Each structure stands twice: as structure tokens, then as C-alpha cells.
Amino acid sequence: MVTALVLANTGAGKTCHQMAPWELEEQFYQSMGKVIVRHMGKRQMTTYKLSRQSGVSFVQLDRYIRQGRRMPAFALYRIANALGVTVAELMPDKAEEPEQL
């Protein structure tokens with residue numbers, strides 16, 4: 001089984017623990033959802049409005065941004081266009097990504 005070591009903030013400081021690859025992926029998509037919500041806030045856009053403008057169903061969009069589900073490239077592209085940003089701007093910041101040792 002392949003695992004990656006990451007630093008996680010536990011509130012009492014950073015501790016080192018093992019995180020499986022699928023957990024890293026899940027964390028990446030959750031971080032991307034937070035970035036999308038941030039852009040929505042800047043534009044005072046609801047999930048419903050983003051859904052209508054992007055053509056991504058409300059239920060699926062909610063799964064992407066609130067539950068950290070995998071997002072296909074076509075959905076990411078449509079969401080970026082509806083928000084008026086590039087796909088690259090929807091990628092999580094380095095500060096939000098787990099550090100691999």
C-alpha cells in the first residue's frame with residue numbers, strides 16, 4: 001500500500017502522520033471547492049446562479065463544492081467561465097495543499 005507523509009495542523013501545532021493517496025486527492029478537491037466558494041462570494045453568486053450560468057446541475061455543483069467530489073475537466077472549465085476566471089485560478093493555493101515529506 002502506498003502512503004504519503006504529510007504535515008497536518010492539529011491545532012496544538014503541526015504533527016506528522018500518514019495520509020493515503022485517495023485522502024490527498026479528496027483534500028485537493030475539498031480545497032478546490034473552497035476556492036470556488038470564495039470566488040462565488042466575491043461575485044455575490046449563489047450555487048443556484050452558478051449552476052444556471054455554468055450549465056452544471058445544481059445537485060452536482062453542490063457535490064463538487066460542498067462535499068469535495070471529483071470534478072471532471074468540462075465541469076471545471078464551465079464553472080471557471082461562469083465565474084469569469086481561468087481554470088488555474090480555481091486551483092488551491094500552496095498554503096491549502098498538504099505538504100509531502
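Is Ser51 buried or exposed, going by its relative accessibility? In this predicted model, Ser51 comes out at 9% relative accessibility and therefore counts as buried, the cut-off being under 20%. Ser51 sits in helix α2, which covers residues 47–54. Setting aside neighbours within four places in sequence, the residues in contact with Ser51 are Val56, Ser57, Phe58 and Leu61.

Now for the overall layout. The protein has four helices and three strands, and reading from the N terminus the order is β-β-α-α-α-α-β. There are 101 residues in the protein, and buried ones make up 34% of them. As for how the chain meets itself, take the contacts between residues at least 6 apart in sequence: 52% of these join residues at least 24 apart.

Back to Ser51 and its helix, since Ser51 also turns up where α2 meets α3. The axes of these two helices come within 9 Å and cross at roughly 115°, and the crossing is right-handed. On the α2 side, the contact is made by Thr47, Tyr48, Leu50 and Ser51, while α3 brings in Phe58, Leu61, Asp62, Ile65 and Arg66. Sorted by character, the residues of this contact are five nonpolar, two polar and two charged.

Leu50, next to Ser51 in α2 and part of the same helix contact, is also a member of the largest nonpolar core. That core holds 20 residues, and those touching the most other members are Ile36, Leu50, Met71, Ile79, Leu83 and Leu90. Two or more residues come from each of α1 (21–42), α3 (58–67) and α4 (73–83). The biggest share is that of α4, which gives six residues. Leu83 makes a handy viewpoint on this core: leaving out neighbours within four places in sequence, Leu83 is in contact with Ile36, His39, Met40, Arg43, Met45, Leu50 and Leu90. Three of these partners, namely Ile36, Leu50 and Leu90, are themselves on the list of core residues that touch the most other members.

Over to aromatics. A search of the whole structure finds one aromatic pair, made by Phe28 and Tyr29. The arrangement is edge-to-face, with 5.4 Å centre to centre and 75° between the planes. What about the burial of the two partners? Phe28 has a relative accessible area of 26% and so is partly exposed, whereas Tyr29, at 16% relative accessibility, counts as buried.

Glu26 belongs to helix α1. With 43% relative accessibility, Glu26 counts as partly exposed. Glu26 and Gly68 are 42 residues apart along the chain, yet their C-alpha atoms are separated by 6.3 Å.

One backbone detail rounds off the picture. Most residues other than glycine have a negative phi. Gln44 goes the other way: its phi is positive, at about 50°, although Gln44 is not a glycine. Where does Gln44 lie? Gln44 is found in the loop between α1 and α2. At 73% relative accessibility, Gln44 clears the cut-off of over 50% and so counts as exposed, whereas Ser51 in the helix that follows this loop is buried.

Technical notes. Residues are numbered from 1 along each chain as its sequence is written. This is a predicted model: local features need pLDDT of at least 70, side-chain atom pairs count only at pLDDT 80 or more; totals for chains, interfaces and linings use all residues. Side-chain values use heavy atoms; hydrogens and water are left out. A nonpolar core is a set of buried Ala, Val, Leu, Ile, Met, Phe, Trp, Tyr and Cys residues joined through side-chain atoms within 4.5 Å. Buried means under 20% relative accessible area, exposed over 50%, partly exposed in between (1.4 Å probe, protein chains only). Contact means heavy atoms within 4.5 Å. Rings of Phe, Tyr and Trp (its six-membered ring) pair if their centres lie within 6.5 Å; planes under 30 degrees apart count as stacked, over 60 as edge-to-face and the rest as tilted. Axes are lines fitted to C-alpha atoms, for helices over the stretch in contact, and angles run from 0 to 180 degrees between N-to-C directions. A crossing is left-handed if the near helix is turned anticlockwise from the far one by less than a right angle, and right-handed if clockwise. Ala, Val, Leu, Ile, Met, Phe, Trp, Tyr, Cys and Pro count as nonpolar, Asp, Glu, Lys and Arg as charged, and the others, Gly among them, as polar.
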